Amino acid sequence: MQKINDWEWIDIEETGSTNDAVRELTSEEGGHKYVVTAKKQTAGRGRRGRSWIGVEGNLFMSYAAEVETKDWGQAVFIVSLSLLETIRTLFPTINIRLKWPNDVLVAGRKISGILLEKGNGNYLIMGIGVNIKNAPQLNNSSYQSVSLSELGYETDRISFFEKYTEILDANFCRWKNYGFDIIKERWLADAQGLGREITVRTEKEEKKGSFEGIDENGLLLLKTENKIEKICAGDVFFSKE
Ligand code: BTN
């Protein structure tokens, strides 16, 4: 095992899902932080039962850290904000936005995916895929995908991973020291569609309203008629799409 900051890190050639590989390292006792990266992923999972294609050249990484379950709703915003900050640090002029709950859009298209799962004990697994070289077509998704490479932004999976780990650590530190407000403010500053009409498609229904922000648990605040509704899961569509 290698070390990157205070994470125990394994880089593997090929695995089914890095989320499963890192889960195997977690235990009830805790006391460590782990991250697994893979060159190739053969059974990558996405949100809501979707799959995530694992072609070589892209980045597949899963971090496992002890986070209290009540804080998981906040943690996802740290993960996505850190992705935006990494991409912007590497490519300052890039057109990048955040989409609730955990997407990062470059030029209006999906550049990455985040899947949070439970590990053993108190571990939270944060699985992240980043389209560095290729943009596999997403199944069952109304979103087009894009890669950094096809837009002329060149990096490699390990350079990206190293910068990301540094930024993720800094944001976890901010969160621990100052709470969620600072993360929320930074996330909202780059959120797509804030204050605009959106449609939220949940498993059961579709709702239209104005996107008013997120609450202290990361739930989406949707203003419909004269009330604010809190949405905990769903896909967001903006009016021009
Ligand atoms: C999504 O947008 O649907 C989430 C995709 C998450 C993909 C990543 S790739 C690394 C980690 N391992 C997986 O099996 N899934 C996540």
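This is a selection-by-selection tour of a predicted model.

Residues are numbered from 1 along each chain as its sequence is written, and side-chain values use heavy atoms, with hydrogens and water left out. Because the model is predicted, local features need pLDDT of at least 70 and side-chain atom pairs count only at pLDDT 80 or more, while totals for chains, interfaces and linings use all residues.

**Stop 1: strands 2 and 3**

Select residues 7-15, which are strand 2, and residues 34-45, which are strand 3. Helices (H or I, at least four residues) and strands (E, at least two) are DSSP runs, numbered from the N terminus. Strands 2 and 3 run parallel and are joined by seven bridges; two strands count as paired if DSSP finds at least two bridges between them. Pick I10 and V36 to see one bridge pair, with V36 on strand 3. Now add residues 18-23, helix 1: the chain leaves strand 2, passes through this helix and enters strand 3 in a right-handed β-α-β crossover. Right-handed here means that, with the strands pointing away from the viewer, the path from the first strand over the helix to the second runs clockwise.

**Stop 2: the antiparallel partners of strand 3**

Keep strand 3 and add residues 59-66, strand 5; the two run antiparallel, with five bridges. V36 appears again here, with S62 of strand 5 as its bridge partner. Next add strand 4, residues 51-54, which is antiparallel to strand 3 and joined to it by three bridges. G44 and W52 of strand 4 stand opposite each other. Strands 3 and 4 form a hairpin with five residues between them.

Select R48 in that loop. Its phi is near 50 degrees, a positive value in a residue other than glycine. R48 counts as partly exposed because its relative accessibility is 35%; buried means under 20% relative accessible area, exposed over 50%, and partly exposed in between (1.4 Å probe, protein chains only).

**Stop 3: the ligand**

Select the ligand and the residues around it. There are 18 of these, and the closest are S17, Q41, R45, R47 and K110; a residue is near a molecule if one of its heavy atoms lies within 4 Å of it. Three distances can be checked in turn. A backbone N or O atom of R45 is 2.7 Å from a ligand oxygen. An N or O atom in the K110 side chain is 2.6 Å from an oxygen atom of the ligand. For T18, an N or O atom of the side chain lies 3.3 Å from a ligand nitrogen.

**Stop 4: strands 6, 7 and 8**

Three strands make an open sheet here, in the order 6-7-8, with antiparallel pairing. Strand 6 (96-99) and strand 8 (109-110) are the edge strands, each pairing on one side only. Strand 7 (residues 103-106) is joined to strand 8 by two bridges, and V106 stands opposite R109 of strand 8.

Two loop residues are worth selecting. P101 is in the loop between strands 6 and 7, and the peptide bond from W100 to P101 is cis, with omega near 0 degrees. A107 is in the loop between strands 7 and 8 and has a positive phi near 50 degrees. With 40% relative accessibility, A107 counts as partly exposed.

**Stop 5: the loop between strand 10 and helix 3**

Move to the loop between strand 10 (123-130) and helix 3 (157-178), where E154 sits. N131 and S145 belong to this loop too.

Start with N131, which is buried at a relative accessible area of 3%. Beyond its neighbours within four places in sequence, its contacts include W52, K110 and S145; contact means heavy atoms within 4.5 Å. S145 is buried as well, at 6% relative accessibility, and its side chain reaches the backbone oxygen of P136 at 2.8 Å.

Then select E154, which is partly exposed at 49%. Not counting residues up to four places away in sequence, it touches F91, K133 and S149. Its side chain makes polar contacts with the side chains of K133 (3.1 Å) and S149 (2.9 Å). A polar contact is a pair of N or O atoms within 3.5 Å; within protein, one must be able to donate a hydrogen and the other to accept it, and residues adjacent in sequence count only if both atoms are side-chain atoms.

**Stop 6: cysteines**

Finally, select C173, partly exposed at 41% relative accessibility, and C232, exposed at 63%. With a disulfide defined as a pair of cysteine sulfur atoms within 2.5 Å, the count is zero.
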